[in-house]
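Q: I would like to learn how to read strands, helices and single residues in a model. Where do we begin?

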Amino acid sequence: MAPSLPSVPVNGNLKLDSDFRKHPTVLSHGEKRPSVSYQKRQISTTQLDGSSKSISTDFQEALSVIRDGDSTQSSYYVRLLQDCIDRKSASQAEMVHAQIIKTGIFEDLFVSAFLVNVYVKCGTMENARKLFDNLPERNVVAWTTLMKGFVNNKQPEIAIQVFLEMLQAGQYPTNYTLGIVLSACASLYLIKLGEQLHGYIIKYRIDFDTSVGNSLCSLYSKSGHLDLAAKAFRKIRAKDVISWTTIISSCGDNGRASRGLGFFVEMLSENIEPNEFTLTSVLSLCGVMLSLTIGKQVHSLSIKLGYGSDTRVKNSIMYLYQKSGRIDEAKKLFDGMEIRNLVTWNAMIAGHAQMMDLVEDVLSAYQSGSEALQIYSKLTRSGMKPDLFTFSSILTVCGSLVALEQGEQIHAQSIKTGFLSDVVVGTALVSMYNKCGSIEKASKAFVEMSTRTLISWTSMITSFAQHGRTQQVLQLFEDMRFVGVRPNQITFVGVLSACSQAGMVDEALNYFEMMKKDYKIKPVMDHYACLVDMFVRLGRLDEAFDFIKNMDFEPSEFIWSNLVAGCRSHGNLELGFRAAEELLKLKPKDAESYVLSLNMYHSAGRWEDVSRVRKLMEEEEVGKVEDWSWISIKDKVYSFKPDDKSHHLSENTHKFLENLIDQAKSFGYDVLENLEITNLDEGNTSSSTSYHSEKLAIAFGLLNTPSVAPIRVIKNIFMCRDCHNFAKSISLLTDRKITIRDSKHLHNIVNGECSCGDFGCLI
């Protein structure tokens, strides 16, 4: 039975915040409001820059009353200033300010302090600070108002300076002041200062206060001390909705989603009504846990509480549906939204990008990517400007689709909007060009980055490694170290991979030792895989086997698969059979791993082993391997399977392919006639004389693109040796650059040479 949430009583009575109830209204007892009343009307005025600005006639009339009268009560100024806050109009506040100075009301501490608050609320902190410095007297309210303004305007470091000035001036902070300073400490991660304040709070026994407890909870959450945050939360006597929302979001920030949901259930049982921020945090927790059942209950609760149309809540629900693989439900919610902010658009684009990695078949992945590009197109047409998150997601999609043309267009748009200078966008651009097979443009994008992070350096290093540019990898690695950027595990994977492709054994082993001794990085499976790959490429299979046996942990499926493929390629079947047995002991879930073993047993005529492997696959419920390739031409995708004749242009494509094969033979292409198992369904085998999907995709691309255009193909499984040789010959024959990305490698083929070093096709 699915878990359910406690019900929350919903009524129409609004409850005032406890802090709000503590403060009196603006007018003191016995003070009468001014008798002047007016209707709010709007007039338009022209500014110096030619722009039009709306100013209310009631404000103008009220200001005239002040100017014409001999004296006016201070409360009347407060009412005018409140109107400035409501409109967030600093210009109107300056007009009232001028009149306050003129009439001498500035000496009224309440009015002058309230004016500081007006400038704070309007976001003009320079005016607020200048006015504060000229106050005839400063009380704790004025100090606290100024601090809060700097915190709200993302200047927490100045807020702390003001706090220190207040202490030096002999003023004592209130509970509310301490809450604001703790918020500033949390924003700046000043944990030590926060702990000193906490000591002061404990000394004077005010840790029960709501604002103090909320701020302490946030401070300890940001420092990664969730238990201390929860302890501060428990100390609060009058927990409000902010208190509960803070601890719930703290659990999410610290990777304790289930604990956060526990707090939410407790909140509901205490009859505390959640707000839109609470619901957004809880839905985010459901997304982390992929708990669609609870998420739907929270969705229903949000509707019951009146937040069903709230954009933030809708965005969170939509993202939950996407993370749970319910892309159709997310799209339905998206299409039904009357108001969409940029977060909404970004969530849909990122969701489709994520689905590309989650779906099992390549066509569904392509459809998700294409949908993401369409959504991005609608976003740009809507008049809303993309931000760095938009560009990062959509460039990732272009890389996954090998959609170079679209990626170049988005590159241009990022330049136009000014986001290219952001390191996140620049790094995504490098990755996109790399995946599309354009290492030169990837390198250019990297060089033009104004700021580079560890991720940027590592992305470029791994890009060079995937394209077989060993010298560039090693030079860039040394440049990275020279500028003081410390490499991580992934950086060394790129370096070791480059050494592997170049057969640089001594250098690879030196870098391996450098990683362990100089940088104290513990080797992981990928590092060992690179070194095994190096020995296999060089045909030093016994060394590879010994290296595997001496690893600190059990070798992975990928490592044994690599050794099996290498043994078959180099003709060492005896060691290959041993490696295959080790691979099968792992009971791999990847069907391609079984294909490696089956092909080797099949080629050796070991039919009992072939039957045994097939039976093992049935027991492990391993699906069949289906060969699919696709090519994108003019924003349209064309997919192919072996000997595909379903396409309306298939007859021309097959005839053209037959002609290509004949011509390729003059460039050294020799058709491999040995049988290889590529489809595990019903024990099918396919001869190399049949047309694998990538051959058809290449032929179709040559027929339907300009003579100088590169050919880019995506294949869902590994590429066989025969097709690899065919692609190399065709690149010579047609003088075309051919990029094929299969499930194992990126094959960038130029003038008959492949970036994989001919090792990416050992099967």
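A: With a hairpin: β8 and β9 form one, with 4 residues between the two strands. Strands here are DSSP runs (E, at least two residues) and helices likewise (H or I, at least four residues), numbered from the N terminus. The model is predicted, so local features need pLDDT of at least 70 and side-chain atom pairs count only at pLDDT 80 or more, while totals for chains, interfaces and linings use all residues. Residues are numbered from 1 along each chain as its sequence is written, and side-chain values use heavy atoms, with hydrogens and water left out.

Q: How many bridges join β8 to β9, and in which sense do the strands run?
A: Strands of a sheet pair through backbone hydrogen bonds, either parallel or antiparallel. Two strands count as paired if DSSP finds at least two bridges between them. Strand β8 (residues 738-741) is joined to β9 by 4 bridges, and the two run antiparallel. Within this pair, T739 stands opposite N748 of β9.

Q: What does β9 pair with over 2 bridges?
A: Strand β10 (residues 753-754), again in the antiparallel sense. V750 stands opposite E753 in β10. These two strands also form a hairpin, with 2 residues between them, and N751 there takes a positive phi near 50°.

Q: Is β9 enclosed or not, and why?
A: Burial is read from relative accessible area: under 20% is buried, over 50% is exposed, and partly exposed lies in between (1.4 Å probe, protein chains only). In strand β9 (residues 746-750), 4 of the 5 residues are buried, so the strand is largely enclosed by the rest of the structure.

Q: In what order do the strands form the open sheet?
A: The order is β4-β3-β7-β8-β9-β10, 6 strands with mixed pairing. β4 (636-640) and β10 stand at the edges with a single partner strand each, so one side of each has no neighbour in the sheet. Elsewhere in the sheet, strand β3 (residues 629-633) pairs with strand β7 (residues 711-715) over 3 bridges in the antiparallel sense. I631 stands opposite V713 in β7.

Q: Next, helices. What span should α35 have, and what is the distance between its end C-alpha atoms?
A: The expected span is 1.5 Å times one less than the number of residues. For helix α35 (residues 650-664), with 15 residues, that gives 21 Å; the end C-alpha atoms are 20 Å apart, which agrees.

Q: Which residues of α35 are buried?
A: They are S650, T653, H654, L657, L660, I661 and A664. Seen down the axis, these buried residues fall within an arc of 120°, so they line one face of α35. The arc is taken over the directions from the helix axis to the C-beta atoms. E651 and K655, on the other side of α35, are exposed. The cover over the buried residues includes α36 (693-704) and α37 (721-734), where contact means heavy atoms within 4.5 Å.

Q: Which residues of α12 are buried?
A: In helix α12 (residues 226-235) they are L226, A229, A230, A232 and F233. Their arc around the axis is only 160°, which puts them on the same side of α12. D227 and K231 are exposed on the other side. Among the elements covering the buried residues of α12 are α11 (210-222), α13 (241-253) and α14 (257-269).

Q: For a single residue, what should I read about R537?
A: Start with its element, then burial, then contacts. R537 is found in helix α29 (residues 525-537). Its relative accessible area is 18%, so R537 is buried. Its side chain makes a polar contact with the side chain of D533 at 2.7 Å. A polar contact is a pair of N or O atoms within 3.5 Å; within protein, one must be able to donate a hydrogen and the other to accept it, and residues adjacent in sequence count only if both atoms are side-chain atoms. Leaving aside neighbours within four places in sequence, R537 is in contact with S500, Q501, H570, C756 and F759.

Q: How many disulfides does a search of the whole structure find?
A: A disulfide is a pair of cysteine sulfur atoms within 2.5 Å. The search finds 0. The sulfur of C436 is 7.0 Å from the closest cysteine sulfur, in C398, which is too far for a bond. C436 is buried at a relative accessible area of 1%.
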